[in-house]
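Me: Could you take a close look at one part of this model for me, and then walk me outward from there? I work at the bench, so plain language would be welcome.

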Amino acid sequence: MMAHVFVCDGIALTTVARQQHILITGWAAEVVRFPVFCVIHALYCCSISLNTHRNLLEISHKICVRIHLHLESRSERLCSTEDCIPGTGTYLRHGYIFASLTGYVLRKNEGEELPVISVVRETETQLLPDVGAIVTCKVTSINPRFAKVHILYVGSTPLKDRFRGTIRKEDVRATEKDKVETYKSFRPGDIVLAKVISLGDVQSNYLLTTAENELGVVVAHSEAGAQMVPISWCEMQCPRTHAKEFRKVARVQPEYLQA
Amino acid sequence: MDTIHACFKDKIGEVLLPGDVFSFRLPESGDGSIKTDKIICGPGLRRNGEEVQVCKSGILRHKQPNMYWIDSQQRRYVPAKGESVIGIVTAKSGDIFKVDVGGSEQASLSYLAFEGATKRNRPNVQVGDLVYGQFTIANKDMEPELVCIDSCGRANGMGVFGADGLLFKLSLGLVRRLLAPQSEIVKDLEKIFPFELVVGMNGRVWVKAKTVQQTLIVTNLLESCENMTSQQRQTLFKRVAEGSL
């Protein structure tokens with residue numbers, strides 16, 4: 001029973017031998033065994049960007065887990081607090097700014113006294129859905145209690161990975177929440193505009209809502225396969241078969257409509 | 001108006017195949033008054049722009065004043081809302097039972113959906129029991145849901161049944177004929193000997209008579225009614241009635 005303390009990129013990983021183990025590969029080009037329980041505890045304490053980057057931390061119940069830690073051998077000291085303000089990908093310790101990610105250093109002059117220094121993994125920043133952001137998503141499956149969606153766009157930027165979201169039955173509409181039927185609001189394959197209300201924790205998905213006039217189904221296909229035309233806030237019509245179907249339709253602002 | 005009905009009238013009673021098309025080109029007459037007529041397309045017919053296409057093979061039927069549909073033979077059941085079916089309980093998990101109704105997915109039946117069931121007073125349903133229930137949710141995107149009470153909260157004939165008897169499968173067309181209000185088949189069968197009969201819209205039928213032999217006779221008679229005309233059926237029933245007496 002030994003306790004190991006590793007400092008890499010400023011993340012202290014403490015370990016104590018327990019029943020379950022996980023393998024972390026890619027750390028200092030070595031395969032090291034760490035028990036699950038303590039790694040999670042240590043990462044949680046340090047609360048660095050790993051918490052919000054879902055694709056970085058995949059905890060499964062199996063033995064083998066890959067934690068993508070993009071690591072330098074030691075965390076690099078960038079500059080002192082007097083020169084810059086720390087931004088994303090950096091942290092402050094003992095009056096100096098250190099990098100917590102591997103990547104490119106960006107220095108931005110934002111008009112305040114000091115420039116903001118940040119470390120980004122790629123040249124384009126990965127935009128993550130934040131609470132209150134409007135996202136475009138595609139419905140994958142429905143259930144009497146909620147609808148599961150894949151988030152495709154945040155605002156107008158496409159995402160590289162598909163994040164998963166959930167729209168609960170009570171978040172579909174603002175009025176008459178208990179009389180909502182998911183089958184009359186969404187169908188699999190619909191494109192929906194929604195707003196993020198919660199990031200959720202590790203196991204659950206993003207929680208979304210469509211309880212506004214401007215949110216809801218934007219593009220939907222009928223059972224015959226043609227794209228439907230909205231006729232009211234709760235109905236859409238197929239141009240080929242003239243059959244009406246129920247959806248929770250979004251009232252898109254005229255300036256966003258393209259002829 | 002004449003053109004539309006005329007197209008259909010030719011084919012009433014004829015066998016149509018999927019892909020057959022009725023197209024309507026209203027004549028470009030300068031009369032001004034185009035009589036728009038409403039036609040209701042029932043199961044098996046679908047509108048596609050200016051045409052009506054046939055999507056199932058069968059016989060075209062007509063009901064006054066303007067309803068047309070295709071009468072097709074089918075054995076596979078697709079759950080639809082409001083239909084009463086016979087299901088077999090396959091699993092109990094938490095608050096719901098999983099019931100096999102013969103569709104692509106198993107239906108879920110909540111234990112509170114029985115008459116007089118409360119959280120403390122659970123219904124006595126075991127795996128393998130037969131239940132007669134109605135669909136509240138049944139579409140191609142979600143798992144179907146059954147209930148054994150009606151909207152007032154009364155059982156109305158639904159629930160667990162079938163201590164004895166025999167469960168067998170028929171085609172959907174025959175089952176619909178059995179469930180018609182003045183069904184001739186049922187009337188003719190009643191004359192032979194008394195029996196209990198439960199018919200589900202998913203093609204499943206449960207029969208119970210006084211003895212096992214009588215149950216089997218009823219089963220065989222129902223299965224043979226599928227492809228018989230009413231004349232042949234009546235002669236057969238007469239022979240059986242005389243033979244069993």
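**A serine and its surroundings**

Reply: S118(A) counts as buried, because its relative accessibility is 7%, and buried means under 20%. Please keep in mind as we go that this is a predicted model. S118(A) belongs to strand β10 of chain A, which covers residues 116-120. Leaving aside residues up to four places away in sequence, S118(A) is in touch with G87(A), T88(A), T90(A), Y104(A), V105(A) and L106(A).

Let's stay in chain A for its aromatic side chains. Across all chains, the structure has 5 aromatic pairs. One of them joins Y91(A) and F98(A): the ring centres are 5.6 Å apart and the planes meet at 20°, so this pair is stacked, given that planes under 30 degrees apart count as stacked. Both Y91(A) and F98(A) are buried. Another aromatic pair, this one in chain B, is made by F161(B) and W206(B), and its geometry is edge-to-face, with 5.3 Å from centre to centre and 85° between the planes. It connects distant parts of the chain: F161(B) is in strand β13 (residues 159-161) of chain B and W206(B) is in strand β16 (residues 204-209) of chain B, 45 residues apart. Here, too, both F161(B) and W206(B) are buried.

Rings also meet charges in this model. In chain A, R77(A) lies over the face of Y96(A), 4.3 Å from the ring centre. In chain B, the charged end of R122(B) sits over the ring of Y111(B), at 4.0 Å from the centre of that ring.

Now for the strands of chain B, starting with β11(B). Strand β11 of chain B spans residues 130-137 and is mostly covered, with 6 of its 8 residues buried. Which strands does β11(B) pair with, and in what sense? With strand β8 (residues 84-93) of chain B, β11(B) pairs in the antiparallel sense over 5 bridges. Within that pairing, S84(B) has Q134(B) of β11(B) as its bridge partner. β11(B) is also joined to β13(B) by 3 bridges, and the two run antiparallel. There, Y132(B) has G159(B) of β13(B) as its bridge partner. Strand β12 (residues 145-147) of chain B is joined to β11(B) by 3 bridges as well, again running antiparallel. In this case I137(B) stands opposite E145(B) of β12(B). Strand β13(B) is a handy link back to the aromatic pair, since it carries F161(B).

Stepping back to chain B as a whole, there are 5 helices and 16 strands. Among its 245 residues, 38% count as buried. Of the contacts in chain B with a separation of 6 or more, 63% are between residues 24 or more positions apart. The area that chain B exposes is about 14400 Å², and carbon and sulfur atoms supply 51% of it.

One annotation is worth locating on the model too. An unreviewed UniProt entry places the feature "domain: Exosome complex exonuclease Rrp40 N-terminal" at residues 42-76 of chain B. In the model, that span is 54% strand and 0% helix, and the C-alpha atoms at its two ends lie 19 Å apart.

Notes
Residues numbered from 1 in each chain as written. Chains lettered and ligands numbered in written order. Predicted model: local features only at pLDDT ≥ 70, side-chain atom pairs only at ≥ 80, totals over all residues. Heavy atoms only, no water. UniProt positions renumbered as here; feature names shortened; annotations may be inferred. Helix = DSSP H or I, 4+ residues; strand = E, 2+ residues; numbered from the N terminus. Phe/Tyr/Trp six-rings, centres within 6.5 Å; stacked < 30°, edge-to-face > 60°. Buried < 20%, exposed > 50% of the residue type's maximum accessible area, 1.4 Å probe, protein only. Lys NZ or Arg CZ within 6 Å of the ring centre and 35° of its normal. Contact = heavy atoms within 4.5 Å. Areas by Shrake-Rupley, 256 points an atom, 1.4 Å probe, with all protein chains shown as cover. Pairing = 2+ DSSP bridges.
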